[in-house]
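Biologist: Could you take me on a close look at the largest pocket, and at a few side chains as well? I am new to this, so please go step by step.

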Amino acid sequence: MKQIAILASGNGSNAEAIVHHFRATGEAEVAMIITNKPQAGVIQRAERLGVPCHYFTNAELREGTRPIALMKEHGVELIILAGYLCLITPTYIMEYPERIINIHPALLPSFGGQGMYGDRVHAAVIASGAKESGITIHLVDEDYDHGRHLLQATCPVRPDDTVDTLAARIHELEHRFFPTTIAQYLRFL
(Lines give C-alpha, C1' and ligand atoms only; values in the text may rest on other atoms or scores of the structure.)
Protein backbone atom coordinates (compact mmCIF):
# COMPACT_ATOMS: atom_id res chain seq x y z
CA MET A 1 0.00 0.00 0.00
CA LYS A 2 1.31 3.46 -0.87
CA GLN A 3 2.38 5.55 2.10
CA ILE A 4 1.65 9.27 2.51
CA ALA A 5 3.07 11.85 4.92
CA ILE A 6 1.09 14.98 5.73
CA LEU A 7 2.82 18.18 6.81
CA ALA A 8 0.50 20.52 8.70
CA SER A 9 0.86 23.64 10.84
CA GLY A 10 -2.70 24.27 11.95
CA ASN A 11 -5.99 22.76 12.97
CA GLY A 12 -5.74 19.73 10.70
CA SER A 13 -9.22 19.48 9.19
CA ASN A 14 -7.77 18.72 5.75
CA ALA A 15 -5.42 16.14 7.25
CA GLU A 16 -8.40 14.45 8.90
CA ALA A 17 -10.40 14.46 5.65
CA ILE A 18 -7.45 12.82 3.88
CA VAL A 19 -7.05 10.15 6.58
CA HIS A 20 -10.77 9.31 6.45
CA HIS A 21 -10.77 9.16 2.65
CA PHE A 22 -7.90 6.70 2.43
CA ARG A 23 -9.18 4.56 5.29
CA ALA A 24 -12.49 4.28 3.45
CA THR A 25 -10.99 3.50 0.03
CA GLY A 26 -7.89 1.54 1.02
CA GLU A 27 -5.96 3.15 -1.85
CA ALA A 28 -3.18 4.42 0.41
CA GLU A 29 -2.32 4.99 4.04
CA VAL A 30 -1.34 8.12 5.92
CA ALA A 31 1.84 6.86 7.54
CA MET A 32 2.42 9.99 9.60
CA ILE A 33 1.64 13.61 10.19
CA ILE A 34 4.52 16.04 10.71
CA THR A 35 4.07 19.46 12.27
CA ASN A 36 6.23 22.47 13.02
CA LYS A 37 3.88 23.86 15.69
CA PRO A 38 3.98 22.17 19.12
CA GLN A 39 0.46 23.42 19.95
CA ALA A 40 -1.14 22.77 16.53
CA GLY A 41 -4.64 21.31 16.58
CA VAL A 42 -3.52 18.67 14.09
CA ILE A 43 -1.64 16.94 16.93
CA GLN A 44 -4.87 16.17 18.81
CA ARG A 45 -6.57 15.11 15.58
CA ALA A 46 -3.70 12.74 14.77
CA GLU A 47 -3.88 11.25 18.26
CA ARG A 48 -7.65 10.77 17.98
CA LEU A 49 -7.22 9.18 14.53
CA GLY A 50 -4.38 6.93 15.68
CA VAL A 51 -1.93 8.40 13.16
CA PRO A 52 1.66 8.89 14.36
CA CYS A 53 2.45 12.59 14.67
CA HIS A 54 5.97 14.02 14.81
CA TYR A 55 7.06 17.51 15.78
CA PHE A 56 10.16 19.12 14.27
CA THR A 57 11.36 22.68 14.70
CA ASN A 58 11.28 25.02 11.71
CA ALA A 59 15.08 24.77 11.52
CA GLU A 60 14.96 20.95 11.47
CA LEU A 61 12.29 20.99 8.80
CA ARG A 62 14.19 23.48 6.62
CA GLU A 63 17.38 21.42 6.91
CA GLY A 64 15.38 18.26 6.19
CA THR A 65 17.72 15.44 7.23
CA ARG A 66 15.71 14.01 10.14
CA PRO A 67 12.20 14.45 8.67
CA ILE A 68 13.22 12.98 5.31
CA ALA A 69 14.99 10.05 7.00
CA LEU A 70 11.83 9.36 9.01
CA MET A 71 9.66 9.46 5.88
CA LYS A 72 12.06 7.20 3.96
CA GLU A 73 12.15 4.76 6.89
CA HIS A 74 8.36 4.45 6.65
CA GLY A 75 8.27 4.13 2.85
CA VAL A 76 6.56 7.47 2.24
CA GLU A 77 6.04 7.99 -1.50
CA LEU A 78 4.05 11.21 -1.45
CA ILE A 79 4.11 14.29 0.79
CA ILE A 80 0.96 16.34 1.26
CA LEU A 81 1.03 19.91 2.53
CA ALA A 82 -2.25 20.52 4.35
CA GLY A 83 -2.05 23.95 5.90
CA TYR A 84 1.73 23.77 6.19
CA LEU A 85 3.06 27.31 6.37
CA CYS A 86 6.78 26.93 5.62
CA LEU A 87 8.59 27.00 2.32
CA ILE A 88 9.61 23.55 1.16
CA THR A 89 13.38 23.57 0.72
CA PRO A 90 15.21 22.11 -2.30
CA THR A 91 16.26 19.10 -0.20
CA TYR A 92 12.65 17.82 -0.20
CA ILE A 93 12.13 18.59 -3.85
CA MET A 94 15.26 16.61 -4.79
CA GLU A 95 14.19 13.65 -2.62
CA TYR A 96 10.54 13.77 -3.71
CA PRO A 97 10.46 15.27 -7.22
CA GLU A 98 6.86 15.83 -8.34
CA ARG A 99 5.77 13.97 -5.21
CA ILE A 100 4.82 16.91 -3.01
CA ILE A 101 1.29 18.30 -3.29
CA ASN A 102 -0.03 21.51 -1.76
CA ILE A 103 -3.45 23.09 -1.50
CA HIS A 104 -3.96 26.84 -1.67
CA PRO A 105 -7.23 28.52 -0.57
CA ALA A 106 -7.59 30.68 -3.70
CA LEU A 107 -7.32 30.48 -7.45
CA LEU A 108 -3.65 30.71 -8.33
CA PRO A 109 -1.76 32.54 -9.70
CA SER A 110 -3.82 35.31 -8.05
CA PHE A 111 -3.65 35.68 -4.27
CA GLY A 112 -0.60 33.46 -3.84
CA GLY A 113 2.99 33.81 -2.76
CA GLN A 114 4.87 34.33 0.47
CA GLY A 115 2.64 35.50 3.31
CA MET A 116 -0.59 34.62 1.50
CA TYR A 117 -2.28 31.99 3.64
CA GLY A 118 -5.47 31.48 5.62
CA ASP A 119 -7.56 34.54 6.40
CA ARG A 120 -5.08 36.82 4.63
CA VAL A 121 -5.99 35.18 1.34
CA HIS A 122 -9.74 35.46 1.90
CA ALA A 123 -9.42 39.11 2.97
CA ALA A 124 -7.41 39.89 -0.19
CA VAL A 125 -9.98 38.14 -2.40
CA ILE A 126 -12.87 40.11 -0.85
CA ALA A 127 -10.94 43.40 -0.98
CA SER A 128 -10.16 42.86 -4.67
CA GLY A 129 -13.82 42.67 -5.63
CA ALA A 130 -13.34 39.24 -7.24
CA LYS A 131 -16.58 37.50 -8.16
CA GLU A 132 -15.21 34.01 -7.47
CA SER A 133 -12.61 32.28 -5.40
CA GLY A 134 -11.75 28.66 -4.88
CA ILE A 135 -8.91 26.26 -4.31
CA THR A 136 -5.83 25.28 -6.24
CA ILE A 137 -4.23 21.89 -5.70
CA HIS A 138 -0.74 21.89 -7.17
CA LEU A 139 2.64 20.23 -7.20
CA VAL A 140 5.31 21.96 -5.16
CA ASP A 141 8.43 23.48 -6.66
CA GLU A 142 11.02 25.94 -5.33
CA ASP A 143 8.63 28.93 -5.28
CA TYR A 144 5.60 29.57 -3.08
CA ASP A 145 2.34 28.57 -4.77
CA HIS A 146 3.95 28.05 -8.15
CA GLY A 147 4.00 24.38 -9.23
CA ARG A 148 1.88 22.66 -11.87
CA HIS A 149 -1.84 22.74 -11.10
CA LEU A 150 -3.60 19.43 -10.60
CA LEU A 151 -7.06 20.88 -9.95
CA GLN A 152 -8.88 24.15 -9.42
CA ALA A 153 -12.43 24.33 -8.04
CA THR A 154 -14.43 27.52 -7.65
CA CYS A 155 -17.11 29.07 -5.50
CA PRO A 156 -18.78 32.49 -5.71
CA VAL A 157 -17.68 35.47 -3.67
CA ARG A 158 -20.93 37.02 -2.46
CA PRO A 159 -21.42 40.77 -1.90
CA ASP A 160 -22.07 40.22 1.82
CA ASP A 161 -19.17 37.78 2.37
CA THR A 162 -16.90 38.11 5.36
CA VAL A 163 -13.58 36.36 5.72
CA ASP A 164 -15.34 33.68 7.79
CA THR A 165 -18.20 33.01 5.37
CA LEU A 166 -15.85 32.78 2.39
CA ALA A 167 -13.45 30.59 4.36
CA ALA A 168 -16.30 28.19 5.18
CA ARG A 169 -17.09 27.69 1.48
CA ILE A 170 -13.40 27.26 0.69
CA HIS A 171 -13.08 24.59 3.42
CA GLU A 172 -16.00 22.70 1.86
CA LEU A 173 -14.15 22.66 -1.47
CA GLU A 174 -10.92 21.58 0.20
CA HIS A 175 -12.51 18.66 2.02
CA ARG A 176 -14.41 17.59 -1.09
CA PHE A 177 -11.60 17.78 -3.66
CA PHE A 178 -8.25 17.44 -1.88
CA PRO A 179 -8.48 13.72 -0.95
CA THR A 180 -9.82 12.68 -4.36
CA THR A 181 -7.18 14.69 -6.24
CA ILE A 182 -4.45 13.07 -4.14
CA ALA A 183 -5.94 9.63 -4.86
CA GLN A 184 -6.04 10.34 -8.58
CA TYR A 185 -2.40 11.48 -8.58
CA LEU A 186 -1.31 8.41 -6.61
CA ARG A 187 -2.64 6.15 -9.36
CA PHE A 188 0.09 7.49 -11.65
CA LEU A 189 2.97 6.91 -9.22
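Modeller: Happily! In this predicted model, the largest pocket holds about 800 Å³ of space. Its lining is made up of 39 residues. If you want to find the middle of the pocket on your screen, look for Gly83, Tyr84, Leu85, Tyr117 and Gly118, the lining residues that lie nearest its centre.

Next, see which elements build the wall. Those that give two or more residues to the lining are α1 (13-25), β5 (100-104), α6 (118-128) and α7 (163-186). Of these, α7 provides the largest share, with 6 residues. You can also sort the lining by class: 17 residues are nonpolar, 16 are polar and 6 are charged.

Now for the side chains. Find helix α4, which covers residues 65-73 and includes Arg66. Setting aside neighbours within four places in sequence, Arg66 touches Phe56 and Glu60. With Glu60, the side chain of Arg66 makes a polar contact of 2.4 Å. Phe56 is 10 residues away from Arg66 along the chain, and the C-alpha atoms of these two are 8.6 Å apart.

Rings are worth a look too. Lys72 sits over the face of Tyr96, 4.6 Å from the ring centre. What about rings paired with other rings: how many aromatic pairs does a search of the whole structure find? The count is 0.

How values were computed
Residues are numbered from 1 along each chain as its sequence is written. This is a predicted model: local features need pLDDT of at least 70, side-chain atom pairs count only at pLDDT 80 or more; totals for chains, interfaces and linings use all residues. Side-chain values use heavy atoms; hydrogens and water are left out. Rings of Phe, Tyr and Trp (its six-membered ring) pair if their centres lie within 6.5 Å; planes under 30 degrees apart count as stacked, over 60 as edge-to-face and the rest as tilted. A charge sits over a ring if NZ of Lys or CZ of Arg is within 6 Å of the ring centre and within 35 degrees of the ring normal. On a 1 Å grid over the protein atoms alone, a cavity is a set of points where a 1.4 Å probe fits but cannot get out, and a pocket is an open set with protein on both sides within 12 Å along at least five of seven lines; lining residues have an atom within 4 Å of a point. Grid points are joined across faces, edges and corners, and a volume is the space filled by probe spheres set on the points. Helices (H or I, at least four residues) and strands (E, at least two) are DSSP runs, numbered from the N terminus. Ala, Val, Leu, Ile, Met, Phe, Trp, Tyr, Cys and Pro count as nonpolar, Asp, Glu, Lys and Arg as charged, and the others, Gly among them, as polar. Contact means heavy atoms within 4.5 Å. A polar contact is a pair of N or O atoms within 3.5 Å; within protein, one must be able to donate a hydrogen and the other to accept it, and residues adjacent in sequence count only if both atoms are side-chain atoms.
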